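Subject: Structure handover

Hello,

Here is the structure I said I would pass on. My notes on it follow below.

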Amino acid sequence: MENIYDINKIGDYLSLRKQEVLHPLVGMVDFNHVVADGKVIKDYDALRFNCYAIFLKDAIGCKLKYGGKDYDYDEGTLVFVSPDQVIGLTYNEPNYQPKGYALLFHPDLLLGTELGNKMRGYSFF
């Protein structure tokens, strides 16, 4: 993966999806309201998330590459991403339009909280 886009702030991902930033530490995307412009994302081989992200993938047609393996997630799959993870993207269709939701939150949101202390223990992140 040569061309990696770094998601350093919540606003970086929201900008890729042309969504408004309402809070610097938390963002949500409803892909039903995202204008179909996959070219921006397709310009990159992978995304490096420096935040937590939870995706509810509700469409077929996009493969994710994680840890050197391809995963062909089907409809209704939850995908969890933690800081410093790199996710490769491969599209089966040239005009792929994602469906579902994304919730992103910066690690600073959890600083000093009990949940923040437990995050490393959750195997899905």
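**Two loop residues with positive phi**

K18 counts as exposed, at 54% relative accessibility. The cut-off for that label is over 50%, so K18 falls in the exposed class. Please keep in mind that this is a predicted model. K18 is located in the loop that runs between helix 1 (10-16) and strand 2 (26-30). Its backbone is worth a look: phi of K18 is near 55 degrees, which is a positive value in a residue other than glycine.

D84 is another such case, with phi near 75 degrees, again positive in a residue other than glycine. D84 sits in the loop between strand 7 (77-81) and strand 8 (85-91). With a relative accessible area of 59%, D84 is exposed.

**The loop before helix 3**

T113 belongs to the loop between strand 9 (100-105) and helix 3 (114-118). Is T113 buried or exposed, or does it fall in between? Its relative accessible area is 28%, and because buried means under 20% and exposed over 50%, T113 is classed as partly exposed. A polar atom of the T113 side chain lies 2.6 Å from the backbone oxygen of L110.

**The chain as a whole**

The protein chain contains 3 helices and 9 strands. Their order along the sequence is β-α-β-α-β-β-β-β-β-β-β-α. The chain has 125 residues, and 35% of them count as buried. About 7,500 Å² of the protein chain is exposed, and carbon and sulfur atoms supply 50% of that area.

As for contacts between residues at least 6 apart in sequence, 73% of them join residues at least 24 apart.

**The largest pocket**

The largest pocket has a volume of about 240 Å³. Which residues of its lining are the closest to the centre? They are Y52, P107, G116, M119 and R120, out of 13 lining residues. Sorted by class, the lining is made up of 7 nonpolar, 5 polar and 1 charged residues. One of the residues closest to the centre, G116, falls within the range of helix 3 (114-118), the helix that follows the loop holding T113.

If you open the model, K18, D84 and T113 are the loop residues described here, and the pocket can be found from the five residues named above.

Regards

Definitions and conventions:
Residues numbered from 1 in each chain as written. Predicted model: local features only at pLDDT ≥ 70, side-chain atom pairs only at ≥ 80, totals over all residues. Heavy atoms only, no water. Helix = DSSP H or I, 4+ residues; strand = E, 2+ residues; numbered from the N terminus. Buried < 20%, exposed > 50% of the residue type's maximum accessible area, 1.4 Å probe, protein only. Polar contact = N/O pair within 3.5 Å; in protein donor to acceptor, adjacent residues only side chain to side chain. Contact = heavy atoms within 4.5 Å. Areas by Shrake-Rupley, 256 points an atom, 1.4 Å probe, with all protein chains shown as cover. 1 Å grid on protein atoms, 1.4 Å probe; cavity = no way out; pocket = protein on both sides within 12 Å on 5 of 7 lines; lining within 4 Å. Points joined across faces, edges and corners; volume = space filled by probe spheres on them. Nonpolar A, V, L, I, M, F, W, Y, C, P; charged D, E, K, R; others polar.
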